[in-house]
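Open your viewer, keep the selection box handy, and let's walk through this model stop by stop. Each stop tells you what to select and what you will find there.

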Amino acid sequence: MVEPLSPPLPLPRRRSASLRLQLNLIVATLTGLFVAALVGLQIDGTRASVREEITASNKVATQLLERVSGIFSRGGPPAMLGFLEQLGRVRSNDIVLVGDDGRVLYRSPPATYKQGRDAPEWFTAWVVPPLQRQLVRMPGAVLAIEPNPSRAILDGWDHLVRLAGIATLALVALHVAVFWAVGRTLRPFARIVEGLRRLQAGDYATRLPPLPGREAALIGESVNRLGEAIETTLQQRIAAREARQRLSESRAWAQQVEQRLEAERKDIAAELHDELGQSVTAIRSLARSLLARLPTDDTTGREAAQMIDTEAARLYDAMHGMIPRLTPLTLGPLGLPDALRDLVASLRLRHRAQVFDLRIEGPETPVDADTALAVYRTAQEALNNALKHSGARHLGLLLQHNAQTLSLTVTDDGCGLPPPDQRPHRFGLPGLHERAVALGGRFDAQRRPEGGTQVRLELPCGGRPAEGDEA
């Protein structure tokens with residue numbers, strides 16, 4: 001399994017209630033508040049009903065008894081007592097007849113409606129308004145009318161209990177329905193979390209199936225796209241890393257080959273200069289000595305000796321023309337600027353019809369051997385290509401040196417470079433480009449708008465880049 005792009009971040013642990021429980025708590029709270037509001041409205045309605053009934057019944061009973069007491073005043077308390085016994089209980093009122101001596105002559109009978117039951121004291125205290133006792137004075141006695149809303153309060157309590165029971169059943173049923181519906185809706189999210197955990201673990205090939213529900217389906221599609229993006233990015237990074245590794249190995253191999261070639265060129269140039277050069281010089285000396293010793297009438301011998309001397313001289317010149325192409329002997333002891341001057345001077349001798357212009361800008365400070373050799377080879381290859389293939393009449397070299405970079409620009413007024421797909425391999429431009437890239441620089445060869453070719457090389461003054469750097 002491939003390594004993850006970066007250290008995975010841990011998914012948050014479940015430290016709070018689940019979403020399912022939170023939704024059910026919200027529904028339960030809202031339903032409870034609704035039931036509490038209904039209960040409050042019921043209690044308020046009961047309070048208003050009790051107040052209205054107490055006020056109305058007390059008023060009616062008081063008016064009735066005041067009129068009746070006037071009628072029975074002549075008969076005294078016994079006549080009023082007989083009327084009250086016949087009247088019985090008046091709803092929501094307790095009637096007490098008290099004589100002048102303080103003795104209770106009559107007390108209305110208890111209510112038979114829902115007898116034996118009373119509402120809780122806290123409920124009674126909550127809904128009962130302030131009670132007012134009414135007194136009706138008559139000769140020999142006092143008639144007291146006291147409100148008694150216990151039956152009305154009990155009715156309100158029964159209604160409240162019935163409402164609370166129905167609301168509780170509705171709350172339970174609603175809660176069960178919501179719990180089931182929420183659980184069914186949130187069930188796909190467990191698969192989403194599992195998919196994310198597998199992605200976190202490095203299984204980037206994880207894909208979620210189509211999930212029910214619009215939101216879950218959208219999140220599942222997003223998770224799948226995330227996995228595809230991570231997998232694609234990882235594959236691209238792996239491919240890029242492998243490509244960089246192959247490129248680094250190729251550059252290292254090219255550098256080794258180039259170094260080996262330079263070493264072989266230097267050895268061949270040294271052999272040509274030391275061994276073959278001495279041999280050719282010896283041949284010329286022998287030919288001249290032979291020419292001096294032959295009699296003047298030996299025409300054939302003298303012509304042969306002269307021919308040997310001439311061909312040896314031509315071979316010597318050809319050999320000395322090959323040596324700078326194999327290795328710049330002046331690059332080491334003289335430095336890059338003087339080596340370029342020597343190159344241009346030798347080309348002027350062999351190509352008198354062309355004009356060469358060399359300019360050097362900046363301090364002529366020493367540079368490392370690899371950089372100097374890359375600049376020299378670029379100038380040599382660019383000038384030779386222009387002389388052989390472009391028909392140029394004017395060739396220019398510009399060497400610019402500052403604290404950061406060393407750049408070389410070679411221009412000519414020839415026919416210009418052909419398109420890249422039509423360039424023959426003899427131009428040697430890919431090799432120059434690879435050499436520049438290996439040193440951390442840039443190489444570019446293109447047609448000039450005004451005609452001809454421009455070759456530009458730019459290298460850092462620090463020399464070869466560190467291992468793993470990219471050009």
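**Stop 1: a salt bridge to begin with**

Select Arg207 and Glu228: their side chains meet in a salt bridge, with 3.9 Å from N to O (a salt bridge is a side-chain nitrogen of Lys or Arg within 4 Å of a carboxyl oxygen of Asp or Glu). This pair links distant parts of the chain, 21 residues apart: Arg207 is in the loop between H4 and helix H5 (214–293), while Glu228 is in helix H5. Helices (H or I, at least four residues) and strands (E, at least two) are DSSP runs, numbered from the N terminus. Arg207 counts as partly exposed at 32% relative accessibility, and Glu228 is partly exposed too, with a relative accessible area of 41%. For these labels, buried means under 20% relative accessible area, exposed over 50%, and partly exposed in between (1.4 Å probe, protein chains only). Now add Glu231 to the selection: Arg207, Glu228 and Glu231 are linked in a network of salt bridges.

A word on what you are looking at: this is a predicted model, in which local features need pLDDT of at least 70 and side-chain atom pairs count only at pLDDT 80 or more, while totals for chains, interfaces and linings use all residues. Residues are numbered from 1 along each chain as its sequence is written, and side-chain values use heavy atoms, with hydrogens and water left out.

**Stop 2: the whole chain**

Zoom out and colour by secondary structure: you should see 10 helices and nine strands. Of the 471 residues in the chain, 34% are buried. Among contacts with a separation of 6 or more, 69% are between residues 24 or more positions apart (contact means heavy atoms within 4.5 Å). The accessible surface comes to about 29,000 Å², and carbon and sulfur atoms hold 57% of it (Shrake-Rupley method with a 1.4 Å probe; for residues, only the protein chains shown count as cover).

**Stop 3: more salt bridges**

How many salt bridges does a search of the whole structure find? There are 12. Select Asp158 and Arg117, whose closest N and O atoms are 2.7 Å apart. The two are 41 residues apart and link distant parts of the chain, with Asp158 in helix H4 (residues 150–200) and Arg117 in the loop between strand E2 (104–107) and helix H3 (121–127). Is Asp158 buried or exposed? Asp158 counts as buried because its relative accessibility is 15%, whereas Arg117 is partly exposed at 38%.

Next, select Glu450 and Arg448, which form a salt bridge of 2.6 Å, N to O. Here Glu450 counts as exposed at 57% relative accessibility, and Arg448 is partly exposed at 22%.

**Stop 4: the four-stranded sheet**

Show the cartoon for the open sheet with the order E2-E1-E4-E3, where the pairing is antiparallel. E2 and strand E3 (134–138) stand at the edges with a single partner strand each, so one side of each is left without a neighbour in the sheet. From one strand to the next, the twist averages 15 degrees (axes are lines fitted to C-alpha atoms, for helices over the stretch in contact, and angles run from 0 to 180 degrees between N-to-C directions).

Strand E1 (residues 93–99) and strand E4 (residues 141–147) pair over seven bridges; two strands pair if DSSP finds at least two bridges between them. Label Val98 and you will find Val142 of E4 opposite. E1 also joins E2 through three bridges, with Leu97 opposite Tyr106. In the hairpin of E1 and E2, select Gly102, which takes a positive phi near 90 degrees.

**Stop 5: the five-stranded sheet**

Move on to the open sheet with the order E5-E6-E7-E9-E8 and mixed pairing. Its edge strands are strand E5 (355–361) and strand E8 (442–447), each pairing on one side only. The twist averages 10 degrees from one strand to the next. Inside the sheet, eight bridges join strand E7 (residues 405–412) to strand E9 (residues 453–460) in the antiparallel sense, and Asp412 stands opposite Thr453. Add helix H8 (residues 336–350), which packs on the sheet and touches E5, strand E6 (394–401) and E7; its direction makes about 175 degrees with that of E5. Helix H10 (residues 429–438) also packs on the sheet, touching E8 and E9, at about 150 degrees to the direction of E8.
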